[in-house]
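This report goes through selected local features of one structure, beginning with charged side chains and ending with the surface.

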Amino acid sequence: MEALLNEWLWREEFWIPPGNHWKDMEMKEGEGHFPLPRHLIYTLPLALIFIAIRYIFERVIAIPLSKVLGVKDRIWIRAASIPKLEAFYKQHSQQPSQSEVVGLGKQCGLSQRKIQTWFRHRRNQDRPSSTKKFCEASWRFFFYLTSFTAGLGSLIDTPWFWDQSECWRGYPKQPVSEAHYWYYMLEMSFYLSLLLSISVDVKRKDFKEQVVHHIATIILIGFSYIANYVRVGTLVMLVHDSADIILEVGKMLHYALWAKTCDVLFVLFALVFLVTRLYVFPSRIIHTTLIVSMQFYEPFFGYYFFNALLFVLQLLHIYWAYLILRMVYRFAFMGKIEGDVRSDEESPVDDNEEEEEDGGECSWEQRKDAINSRLASLANNCVLNNLTNQTNRNSRLPKTR
């Protein structure tokens, strides 16, 4: 097996520039170490540890914090127990077509309106609560803040932080410090834990993009470590963590209904994201890996593969920048931000529809409260109309005289 891996996978022309050999990557004891493929094996148990820490963090810190900040979960009307509809919901579709609604109505002896109402209530039951979304955002905020602070502290004194051409001086014979080794291992383990838990996390409308992002990030971190692109890799991770911190804290406060603070954080996040992802990342990171690096070594397979992964990330940045700019437009011309840039809402919720109940699905008390609220709203509208008409008559009175 080892001979097969050495022949097909660990071929020198794949991972290091021409003229270099694996034996050149060995260092004497006490001189540090070069990255080795076997180091990445440790990321899998670390990812499982991250999942366990997240479980404890959400229950010990995130949930109590959500209560302090005033996060409240919406109580949805539960769908009636109808086995045939429940089986269809789980096995076929959560949003049946019109023909399927007609067929289900005949099977259950219910009207189409009741069938549609049942499916709407059943979908709402599966919606993640605000507390769950708050816990997810707070965990990511905690990691990104810790990772960015530690990464910035380990990079601020390095020459390649200020001059990106230093990423390639002496490449690939560049020893990796202990701090950057752990920076890499923890970042890769974290994204691996996100990929493992993505099926149970809040599902957003950019779910597919998130899966592509996690996979591309894991491959990028793993490949850059083996090929000893560690210096430029640390810069990539630092740039990405900077905007994510503001995004996650903004989500936390959004679920706590701190509207004005969220507006300020959204503007700040938009500025940081657009600067770091659409300017710093392509002009500093991609430029040095695509152009400056060729001044120090000849292009090889790793050069093309690494840059291809960076371009995948950049395409995702452009997609998310489009969503952000669309929300900036709404904020500028409508005065408020509607929803999350990566909304977890599968379909809009109509509060009026939620109040409408058919055939005893809702108790009399619930219907009475709904009717009373509508009558109060109608009365208010009538009062406002009378006041408006009276004001208009008074304003025309001097002209009549």
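## Salt bridges

In this predicted model, Glu86 and Lys90 both belong to helix H4 (residues 83-91), where they are four residues apart, about one turn of the helix. The two form a salt bridge in which the closest N and O atoms are 3.5 Å apart. Glu86 is partly exposed at 21% relative accessibility, whereas Lys90 counts as exposed at 62%. A similar spacing is found in helix H7 (residues 130-155), which holds Glu136 and Arg140, four residues apart and about one turn of the helix; their side chains meet in a salt bridge of 3.5 Å, N to O, and here both Glu136 and Arg140 are buried. As a general point, an α-helix has 3.6 residues a turn, so residues three or four places apart point the same way.

Salt bridges that share partners also join Arg54, Glu58, Arg59 and Asp201 into one network. Within it, the side chains of Arg59 and Glu58 meet at 3.7 Å, N to O; Arg59 is partly exposed, with a relative accessible area of 43%, while Glu58 counts as buried at 13%. The count for the structure comes to ten salt bridges.

## Aromatic pairs and a cluster

The count of aromatic pairs comes to 30. One of them is formed by Tyr184 and Tyr225, a tilted pair with 5.7 Å centre to centre and 45° between the planes. This pair links distant parts of the chain, since Tyr184 lies in helix H9 and Tyr225 in helix H10, 41 residues apart. Both partners are covered: Tyr184 is buried with a relative accessible area of 1%, and Tyr225 is buried with a relative accessible area of 0%. Tyr297 and Phe300 form an edge-to-face pair, with 5.8 Å centre to centre and 65° between the planes; Tyr297 counts as buried at 7% relative accessibility, and Phe300 is buried with a relative accessible area of 5%.

Beyond these pairs, Phe50, Phe57, Trp139, Phe142, Phe143, Tyr144, Phe190 and Tyr191 form one aromatic cluster.

## Helix H9 and a contact from helix H11

Helix H9, which carries Tyr184, has 20 residues and reaches 29 Å from its first C-alpha to its last, close to the 28 Å expected at 1.5 Å a residue. H9 is mostly covered, with 14 of its 20 residues buried.

Val239 is located in helix H11 and is buried, with a relative accessible area of 12%. Although Val239 and Val280 are 41 residues apart in sequence, their C-alpha atoms are 7.9 Å apart in space.

## Backbone features in the loops

Most residues other than glycine have a negative phi, and most peptide bonds are trans. Against that background, a cis peptide bond joins Tyr171 and Pro172, with omega of about 5°; Pro172 lies in the loop between helix H8 (159-162) and helix H9 (178-197).

Two residues that are not glycine have a positive phi: Asn228, at about 60°, and Leu257, at about 65°. Asn228 is found in the loop between helix H10 (207-226) and helix H11 (230-255), whereas Leu257 lies in the loop between H11 and helix H12 (259-290). Their surroundings contrast, in that Asn228 counts as buried at 2% relative accessibility, while Leu257 counts as exposed at 70%.

## Cysteines

A search of the whole structure finds zero disulfides. Two cysteines can nevertheless be placed with respect to the surface: Cys135 counts as buried at 4% relative accessibility, and Cys167 counts as buried at 2%.

## A nonpolar surface patch

Which residues form a nonpolar patch on the surface? The patch consists of Leu44, Leu48, Ile51 and Leu196, which together have about 340 Å² of accessible area. Helix H3 (residues 43-69) gives the most to this patch, with three residues. Ile51, which is located in helix H3, is partly exposed, with a relative accessible area of 32%; Ile51 therefore passes the accessibility cut-off for patch residues, which is over 30% relative accessible area.

Definitions and conventions: Residues numbered from 1 in each chain as written. Predicted model: local features only at pLDDT ≥ 70, side-chain atom pairs only at ≥ 80, totals over all residues. Heavy atoms only, no water. Patch = residues over 30% accessible without salt bridge, like charges linked within 9 Å, V, L, I, M, F, W, Y side chains within 5 Å. Areas by Shrake-Rupley, 256 points an atom, 1.4 Å probe, with all protein chains shown as cover. Salt bridge = Lys/Arg side-chain N within 4 Å of Asp/Glu carboxyl O. Helix = DSSP H or I, 4+ residues; strand = E, 2+ residues; numbered from the N terminus. Buried < 20%, exposed > 50% of the residue type's maximum accessible area, 1.4 Å probe, protein only. Disulfide = S-S within 2.5 Å. Phe/Tyr/Trp six-rings, centres within 6.5 Å; stacked < 30°, edge-to-face > 60°. Expected span 1.5 Å × (residues − 1).
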